[in-house]
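Please open the model in your viewer, with the sequence panel alongside, and follow the stops below in order. Each stop says what to select and then what is to be found there.

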Amino acid sequence: ISKGHVAWKKLPPPPGASLCGLPGCDSAANGIGQTGDITGQYAGRAILWMPGSPGTYTSKRLAYTDSTRFNRSSGVAVDSFGDAAGTEGTGSINVGVFWPRHGSPVTLPACQNVLVRGGATVEYPYAVLAKGSSSKRTVTVAGKCLVESHTSNQLGVAPCMWHVTINGSLDKISTAVRLDASDGSDAGRAVAINQKGWIAGNQGDATSSPTLWIKRHPYLLNSL
């Protein structure tokens, strides 16, 4: 969409991909970056579409962190440098993934070293923000992660974020940092982040409250 004009073009499949004989081949575009990179999935596999000459795109599959363990993946969000975040899994196992523009992907670490029998996790990214240069930058990933309750031994899914450092290639990634909950709940998710680093999402166990986090501090939008 540009200056009131709307045009559309089908995004190409990755090189060597079969069209599967199905419309769209079970594909989806889920996130777009400021420079026009688009991430999603094609035939159950995470993909990155990259703009070329005006009106054209090329595409590539995003690698698994472990191709012997996982058989499906999907890109969810992409930043201004082409770093993507999404999920991969198989059966009941689902893990969050960060794909740097250059280098190998890594799984998003769990919060507080929370472990679940059977290996199932729920780390899930929704948004990414990159600051810096193409060779040296920091990336914030916002999403949800499995946490241990503040008041019991039960597990919940709470809003959280990860910090990634890129120095040429991926340098390090933090464990999940839990976003503070004003109501003490163990539920919610962070779904969007802006250029200031403000994060929007929701929190709440019994009911869901729209929330804005600034430097991890929560503000309930309905009360502002």
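Select alanine 77 and colour it by accessibility: with a relative accessible area of 7%, alanine 77 is buried, because it falls under the 20% limit. The model is a predicted one, and this residue belongs to strand β5, which covers residues 72–78. Show everything around alanine 77 and, sequence neighbours up to four places away set aside, you will find that it touches Gly31, Thr39, Asp83, Ala84, Ala85, Tyr126, Ala127 and Val128. Now add phenylalanine 98, which is 21 residues away along the chain, and draw the distance between the two C-alpha atoms, which comes to 9.7 Å.

Stay with phenylalanine 98 and display its contacts beyond four places in sequence, which include Asp83, Ala84 and Ala85 as well as Val139, Val141, Val164 and Ile166. Phe98 is also one of the residues with the most contacts inside the largest nonpolar core, together with Val139, Val141, Cys145 and Trp162, and that core has 17 residues. To see which elements supply two or more residues to this core, select β9 (124–132), β10 (136–148) and β11 (155–167); the largest share, five residues, comes from β11. A second core, separate from this one and made of twelve residues, can be located by selecting Ala46, Leu48, Met50 and Phe70, which are among its members.

The next stop is a sheet. Four strands form an open sheet in the order β1-β2-β3-β4, and their pairing is antiparallel. Select β1 (28–32) and β4 (57–61), which are the edge strands: each has a single partner, so one side of each is left without a neighbour in the sheet. Viewed along the sheet, neighbouring strands are turned against each other by 30° on average, direction ignored. Between β1 and β2 (residues 38–42) there are four bridges in the antiparallel sense, and selecting isoleucine 32 shows it standing opposite isoleucine 38 of β2.

Move on to the strands from residue 199 onwards, beginning with β15 (residues 199–203) and β16 (residues 209–214), which run antiparallel and are joined by five bridges. Select glutamine 203 and look across to its bridge partner in β16, serine 209. β16 is in turn joined by four bridges to β17 (residues 217–220), again in the antiparallel sense, and here isoleucine 214 has histidine 217 as its bridge partner. The hairpin formed by β16 and β17 has two residues between the strands, and lysine 215, in the turn, shows a positive phi of about 55°.

Return to β15 and select asparagine 202, which lies in that strand. Is asparagine 202 buried or exposed? At 19% relative accessibility it counts as buried, because the limit is under 20%. Its side chain makes a polar contact of 3.0 Å with the side chain of serine 208, and its contacts beyond four places in sequence include Pro159, Ala187, Gly188, Arg189 and Trp213.

For the last stop, select threonine 207, in the loop between β15 and β16. Threonine 207 has a relative accessible area of 58% and is therefore exposed, the cut-off being over 50%. Finish by drawing the C-alpha to C-alpha distance from threonine 207 to glycine 188, which are 19 residues apart in sequence and 9.8 Å apart in space.

Methods:
Residues numbered from 1 in each chain as written. Predicted model: local features only at pLDDT ≥ 70, side-chain atom pairs only at ≥ 80, totals over all residues. Heavy atoms only, no water. Pairing = 2+ DSSP bridges. Axes fitted to C-alpha atoms, helices over the stretch in contact; angles between N-to-C directions. Buried < 20%, exposed > 50% of the residue type's maximum accessible area, 1.4 Å probe, protein only. Contact = heavy atoms within 4.5 Å. Core = buried A, V, L, I, M, F, W, Y, C linked by side-chain atoms within 4.5 Å. Polar contact = N/O pair within 3.5 Å; in protein donor to acceptor, adjacent residues only side chain to side chain.
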